[in-house]
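Hi there,

Here is the structure I promised to pass on to you. Have a look at it first, and then read on for my notes.

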Protein chains: 2
Amino acid sequence: MVDIRQMRYFIALAETLHFGRAADRLNITQPPLSRQVGALERELGVKLLERHSRRAVLTAAGQQFLEDARSVVSSFDQACRNVRLADRGELGELSIGFMMHAAHTVLPGLAKRYMAAFPLVEVKLREVIPSSLSGDVVAGRFDAGITFSPGPVRGLATYPVHRENLCLAIHREHEFAAHDVIGAAALEGQPLIATPVDVAPTLRQAISDYCRPYGFEPTIRLETQLQQTIISLVGENLGIALVPQSMAKLQTRDVVFRALEDAPAIEQVIAWRPQNLNPALRAFLTVAEVPKATMQLD
Amino acid sequence: MVDIRQMRYFIALAETLHFGRAADRLNITQPPLSRQVGALERELGVKLLERHSRRAVLTAAGQQFLEDARSVVSSFDQACRNVRLADRGELGELSIGFMMHAAHTVLPGLAKRYMAAFPLVEVKLREVIPSSLSGDVVAGRFDAGITFSPGPVRGLATYPVHRENLCLAIHREHEFAAHDVIGAAALEGQPLIATPVDVAPTLRQAISDYCRPYGFEPTIRLETQLQQTIISLVGENLGIALVPQSMAKLQTRDVVFRALEDAPAIEQVIAWRPQNLNPALRAFLTVAEVPKATMQLD
DNA sequence: CGACCATGATACCGATCCGGTATGAATTGA
DNA sequence: TCAATTCATACCGGATCGGTATCATGGTCG
């Protein structure tokens, strides 16, 4: 059967048109080259070159085969290089799920650094609601997720990448606007706007935990999935909201932000499946400065 | 060294994810398959699949390699098919030089038939002046030429493909327009328009030969390379012309065509170099109905 | 014109590689 | 715990590879 070595031999011969010199270039002697090229012609059933006493010339079929063989050998070698790149996580695909909030904080810088370091990896970014993310990662729909810490989940490893305090978003004419810092106790009875529990449980938990020491549960008036929508509704004076500090970057006309006393912190983590073998994931975790030791553990 | 067989083995294995069934498909037994895939992994330095007790799964690198290997094997096989096509003249290039007159007679039908029969051959058509054509063919700049018969040329084979009479092109108010047929003797002293000797020697020879029996040489008033230009000049009543009958297809307002008594015939031939090994040429000559016997001779 | 040289084909040899058979190790399922 | 499945390993005979030696052919040069 015709194989890739015979193609390499033929290419060398076609480029030198001289058995001896071609053999030299291939680091073999002339007889094996003659034999292999002869066998190649026999197996193809086609004469590839005319042997004259002083020179050899390609037939038309030989010219065709030279072009094709060059292309085949080149993609063959490329395939062998690619598989090594893929094994080192430098080539392939990496799918990342993230909650919208991450798009305003850790995701841009992280994605930028990763894509600069691994330009050949096709990065697939997809926004999902925080509560579904850990399930998606465990199920293998994403290689990694960026979300509020979901707490321990079986088959999921996490590592913190961002920690920020919550602050208070209020209408500029709200009574609290006069203060620089608002305490938790003041929130009792205040109508809050927040994300639904099933969308961002961690965030809701943090709000509840903040109020609990003062003996009351927060009053949720409105629920909406996106933090941006929350800010808009605060702008309409439909309530106030506890939001991550980074939301203050959204300069909105009617909304002001105030610090919370003993502000609760909310953490974003990278989440991944430790069994996930995608080398691109290991590289991504390295870029995210996840310690090697935690990569393999639950 | 990695070779194409190992790629084929890996593809079969990756598609079945089962050593036994993959070996069956490859018509070998399981142990050689295990050994070859193991050797492939070792040579690449990359683990391509995870062996579990009941099933095997591709690693990320393995998936990458599967895609690449499929593409390599496919172009490898294509190269082997292509060289056989090229050898039969069904794939490759065919360059044809032709004089402009042929574009009005034999070339369109011939080129059409050939290209329909051999759609994969890239046909390069180029118009040149008749006198340079035989030289171009002998020098290998064209595989074939279509021109007025240049007579015997060393290293050139020819075969007639078209024969037509010359006729007389005259202005519609010319005195000859009243006759249906004009004799050679009447041409004595008539100002003729013709192509220069060095452009179309055969055509000029035919005109001279037509007059010689009547004891005079034709009077050439104007010389111009293209037959179309000749017709235009006849339309301007600058002279009359002996042109191939097929030129009468050019319906021009002021020009009429008249038959010549004992009209001289002019022959178009296909010309090629018998040593030319391009299989596409053989196929072209076959389409042109050149007998096999004349293909190889001088 | 003949000796010489360059070139590629062929014959033969030892080493390597291939695929086949036999068998072992590990895991799963009854 | 035993049987079955699955893949890896050991070993064998045959095929193939590349190397050396040599031959046939056809230019080249004195």
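How many bridges join β6(A) to strand β10 of chain A, and do the two run parallel or antiparallel? There are four bridges, and the strands, with β10 covering residues 241–244, run antiparallel. Please keep in mind throughout that this is a predicted model.

**Around strand β6 of chain A**

One of the bridge pairs between β6(A) and β10(A) matches A:Ala169 with A:Ala241. A:Ala169 also has a partner in β11(A), namely A:Phe257. Strand β11, residues 255–260 of chain A, is joined to β6(A) by five bridges and runs antiparallel to it. Then there is β12 of chain A (residues 265–272), which has eight bridges to β6 (residues 157–171), again in an antiparallel arrangement. Here A:Ala157 is paired with A:Trp272.

**Two loop residues to look at**

A:Asp262 sits in the loop between β11 and β12 of chain A. This residue is not a glycine, yet its phi is positive, at about 50°. Is A:Asp262 buried or exposed? Its relative accessible area is 64%, and exposed means over 50%, so A:Asp262 is exposed.

A:Asn27 is also a non-glycine residue with a positive phi, in this case about 60°. You will find A:Asn27 in the loop between α2 (19–25) and α3 (30–44) of chain A. A:Asn27 counts as exposed because its relative accessibility is 69%.

**The surface around DNA strand C**

DNA strand C has 19 residues around it, and those that come nearest are A:Ser34, B:Tyr9, B:Thr29, B:Arg35 and B:Ser53. Sorted by class, this surface has eight polar, six nonpolar and five charged residues. On the DNA side, sugar or phosphate accounts for 71% of the strand C atoms within 4 Å of the protein, and bases for the rest.

Some polar side-chain atoms are worth finding on your screen. One from A:Ser34 is 2.3 Å from a phosphate oxygen of DNA strand C, and one from B:Gln36 is 3.2 Å from a phosphate oxygen of that strand. B:Arg35, by contrast, places a polar side-chain atom 2.4 Å from a base nitrogen of DNA strand C. Two or more residues of the surface near DNA strand C come from each of α2 and α3 of chain A, and α1 (4–16) and α3 (30–44) of chain B. Which element gives the largest share of that surface? It is α3(B), with four residues.

Best wishes

Definitions and conventions: Residues are numbered from 1 along each chain as its sequence is written. Chains are lettered from A and ligands numbered from 1 in the order in which they are written. This is a predicted model: local features need pLDDT of at least 70, side-chain atom pairs count only at pLDDT 80 or more; totals for chains, interfaces and linings use all residues. Side-chain values use heavy atoms; hydrogens and water are left out. Two strands pair if DSSP finds at least two bridges between them. Buried means under 20% relative accessible area, exposed over 50%, partly exposed in between (1.4 Å probe, protein chains only). A residue is near a molecule or strand if one of its heavy atoms lies within 4 Å of it. A polar contact is a pair of N or O atoms within 3.5 Å; within protein, one must be able to donate a hydrogen and the other to accept it, and residues adjacent in sequence count only if both atoms are side-chain atoms. Ala, Val, Leu, Ile, Met, Phe, Trp, Tyr, Cys and Pro count as nonpolar, Asp, Glu, Lys and Arg as charged, and the others, Gly among them, as polar.
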